[in-house]
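User: I'm new to this one. Could you walk me through how to read it, feature by feature?

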Amino acid sequence: MKMSGGVEWALHCCVVLTSVEEPVPATKLAEFHDVSPSYLAKQLQALSRAGLVRSVQGKAGGYVLTREPASITVLEVVEAVDGPAAAFTCTEIRQRGPMATPAESCTAPCPIARAMSGADAAWRAALRAVSIADLAQDVADTSGPSAMTRVSAWLTTP
């Protein structure tokens, strides 16, 4: 499965937002991740449209998660940014060309479509099984217990 680069940035933003209570400006998130503010704004807008983050207006405005991190799955973030469409679309090639199978004989999806559908379902199940809280815990486990505290301090320092 190929995902856009926006998925990576959206996931990173969701993970770092677990470390704060107050809204974080998009410009601060962009600076933290060393990515273009306009590029990151598109990902944050996609997350907002999906109801995963909320934009808070005003001087102390920015973005916050809308739900507990344990209830937001990686799949939700992927679908917010890249959409929910399956990665593979069967075009019934078996019904074309000089050896075409008649449509009335195609009573079940072709083996290729079944294999790709199974792979898509497994991929989605794997991403659905991982939450933003799981990723944040993995950051703490692999980067040290103070990693998320340091992230929070950086994000909340004016």
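**Reading the features**

Analyst: Let's start with a single residue: E92 is partly exposed, at a relative accessible area of 24%. The words go like this: buried is under 20% relative accessible area, exposed is over 50%, and partly exposed is in between, using a 1.4 Å probe on protein chains only. Keep in mind that this is a predicted model, where local features need pLDDT of at least 70, side-chain atom pairs count only at pLDDT 80 or more, and totals for chains, interfaces and linings use all residues. Residues are numbered from 1 along each chain as its sequence is written, and side-chain values use heavy atoms, with hydrogens and water left out.

User: What does pLDDT average over the protein chain?

Analyst: pLDDT is the predictor's confidence in each residue, from 0 to 100. Where it is low, the predicted coordinates should not be read in detail. Here the protein chain averages 94, and 100% of the residues score at least 70. Confidence is highest in helix α4 (residues 74-82), at a mean of 97, and lowest in helix α7 (residues 147-156), at 94. Helices here are DSSP runs of H or I, at least four residues, numbered from the N terminus.

User: How many salt bridges are there in the whole structure?

Analyst: Side chains of opposite charge can pair when their charged atoms come close. The cut-off: a side-chain nitrogen of Lys or Arg within 4 Å of a carboxyl oxygen of Asp or Glu. A search of the whole structure gives four. One of them joins R94 to E92, at 2.6 Å from N to O, and R94 is partly exposed at 25% relative accessibility.

User: Which residue does R124 meet in helix α4?

Analyst: That's E79, with 2.7 Å from N to O. The pair links distant parts of the chain, since E79 sits in helix α4 and R124 in helix α5 (residues 111-128), 45 residues apart. E79 is partly exposed at 27%, while R124 is buried at 10%. R124 also forms a salt bridge with D120, again 2.7 Å from N to O. Those two are about one helical turn apart, because they are four residues apart in helix α5. Shared partners join E79, D120 and R124 into one network.

User: How many disulfides does the structure hold?

Analyst: A disulfide is a pair of cysteine sulfur atoms within 2.5 Å. This structure holds zero. The sulfur of C14 is 7.1 Å from the closest cysteine sulfur, in C13, so that is too far for a bond. C13 is buried at 1%, and C14 is buried at 0%.
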